[in-house]
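Got your viewer open? Here is a short tour of selections to make, one stop at a time.

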Amino acid sequence: MSVILTENEAKALLKKVLSYSKADECEINLSANINGNIRYARNEVSTSGALMNQNLAVQSSFGKKVGVATIDEFDDASLEKVVRRSEELAKLAPENPEYMGVLEPQQYINSNGYFDSTADINPDVRAEAVMKSLKLTREQKLIAAGFLEDTKGYSAIMNSKGLFAYYKSTNVNYSLTVRTEDGTGSGYVIKGFSDVNKLDTAAATNIAIQKSLGSKGARALEPGKYTVILEPTAAAVLLENIYFDMDARSADEGRSFFSKQGGKTKLGEKIVDERVTFFSDPTYADLPASPWAGDGQAQEKRMWIENGVVKNLAYSRFWAKEKGVKPIPFPSNMIMLGGTATLDEMIKSTKRGILVTKLWYIRAVDPQTLLQTGLTRDGTFYIEDGKIKYPIKNFRFNESPIIMLNNLEMLGKTERVVSTESNQNYMVPPMKIREFTFSSLSDAV
């Protein structure tokens, strides 16, 4: 049996598992993926490999007593055994007062996140992609360390009320750090795509090379508040802290930035610049995503922040029932609308500022304001009179993405980017921000 099942094969397997159930309700989740990778360091390939995973999880319930068991063996005896185990666990479990039961069948929109080009990647394709990168760094006597990983997989769900959903997808992520021989210059790039035909490792490498050579001889600049131009890679790791916080229950219970005094929330309020719009859409061509959430709820195009105003928060089925509203699942992707400015235009418009390639080691300081701290890295540059003047030593920053989006000056064209913190893919534009707070210097390159 192939690890990646077709929709019909997945449906047949799930029906078989469901036939073993003796519980009041049963829900089965099935998933599998095949990952391939190649890693290089010091201009030499160090490892390459492949990994196959397949997993089946059975949730059985008797009233509000729920048990879950998982397995990665698919013979009939093992399938029946995992159903029995989930039922035994359910009977032993205390009642879960928030258990909502399984969903009725849903209507799902069509989303295509599977590309044969990516699914067909083999070790030769990975090696060729990496060789294009290594050729460039070796020629310029620079030192490269990179990682290319591709994934193809699917997930499916079926329950005892007749719900069934299936989605398959592909993805390729490529990251690269380029250092000068003396170790004083460093450049970085990271790219993610569903379709590997969009990945150009040579073009990506040239960006990292340019930043590496340009960041030699960095000078120290006084910490303080500066106008900054955040490249999408840098912006994404701050923005995702807003996305992760958009939960209605934590807002209602006073535990998040979206909370207000008296058990109220910021739903319907303007919280950032009116040019800021976040939305999710499983059918978005450059960032396709699953049309259903983990519990089987249908995903749809949904505004989260529109023209600076909070339009939606995510409501679990239980919390929606408590509040008398419609459930809203957490999104399966997130897109920030951009503007029309290019990075060059942003730089040319800047009298005095800092260009930031990457932010890393992000840590929360204050959940109520979403204040974060972290460090710049791999290419930080001083801008004066519309030109990059010289590289500067890295900073520690203390900034909230909410304050940042209230200090917005310019937005560039949105592009797909991979978060260096969570590894999730988003659509994020480059952005020019005034009064970004750098609190101290860092010796990191």
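Which residues form one aromatic cluster with Tyr226? Select Phe395, Phe397, Phe436 and Phe438 together with Tyr226, and you have that cluster on screen. Keep in mind as you go that this is a predicted model.

**Stop 1: inside the aromatic cluster**

The model has 13 aromatic pairs in total. Zoom in on Tyr226 and Phe395: their ring centres are 6.1 Å apart and the planes meet at 35 degrees, so this pair counts as tilted, a class that runs between the 30 degrees of stacked and the 60 of edge-to-face. Now colour by element to see what the pair joins: Tyr226 sits in strand E7 (residues 224-230) and Phe395 in strand E17 (residues 394-399), 169 residues apart in the chain. Are these two rings' residues buried or exposed? Tyr226 has 7% relative accessibility, so it counts as buried, and Phe395, at 0%, is buried too.

**Stop 2: another tilted pair**

Next, select Phe318 and Trp319, a tilted aromatic pair with 6.4 Å from centre to centre and 45 degrees between the planes. Phe318 is buried at 14% relative accessibility, and Trp319 is buried at 10%.

**Stop 3: charges over rings**

Show Arg39 and Phe147: Arg39 lies over the face of the Phe147 ring, 4.2 Å from its centre. Then move to Lys301, which lies over the face of Phe279 at 5.0 Å from the ring centre.

**Stop 4: the largest pocket**

Turn on your pocket display and pick the largest pocket, with a volume of about 940 Å³. Its lining has 33 residues, and Pro288, Ala289, Ser290, Ser332 and Gln424 are the closest to the centre. Strand E4 (143-159) gives the most to this lining, with 6 residues. By class, the lining splits into 12 nonpolar, 18 polar and 3 charged residues. Why does the largest pocket lie between two domains? Domain 1 (7-212) and domain 2 (217-246 + 268-312 + 330-445) both contribute residues to its lining, so it lies between them.

**Stop 5: the second largest pocket**

Finally, pick the second largest pocket, of about 630 Å³. Among its 26 lining residues, centre your view on Ile207, Lys211, Glu231, Leu343 and Leu355, which lie nearest the pocket centre. Elements that supply two or more lining residues here include helix H5 (201-214), helix H9 (343-348) and strand E14 (352-366). The lining has 13 nonpolar, 6 polar and 7 charged residues. Domains 1 and 2 both give residues to the lining of the second largest pocket, so it lies between them.

Terms used:
Residues numbered from 1 in each chain as written. Predicted model: local features only at pLDDT ≥ 70, side-chain atom pairs only at ≥ 80, totals over all residues. Heavy atoms only, no water. 1 Å grid on protein atoms, 1.4 Å probe; cavity = no way out; pocket = protein on both sides within 12 Å on 5 of 7 lines; lining within 4 Å. Points joined across faces, edges and corners; volume = space filled by probe spheres on them. Helix = DSSP H or I, 4+ residues; strand = E, 2+ residues; numbered from the N terminus. Nonpolar A, V, L, I, M, F, W, Y, C, P; charged D, E, K, R; others polar. Domains from an automatic or database assignment. Phe/Tyr/Trp six-rings, centres within 6.5 Å; stacked < 30°, edge-to-face > 60°. Buried < 20%, exposed > 50% of the residue type's maximum accessible area, 1.4 Å probe, protein only. Lys NZ or Arg CZ within 6 Å of the ring centre and 35° of its normal.
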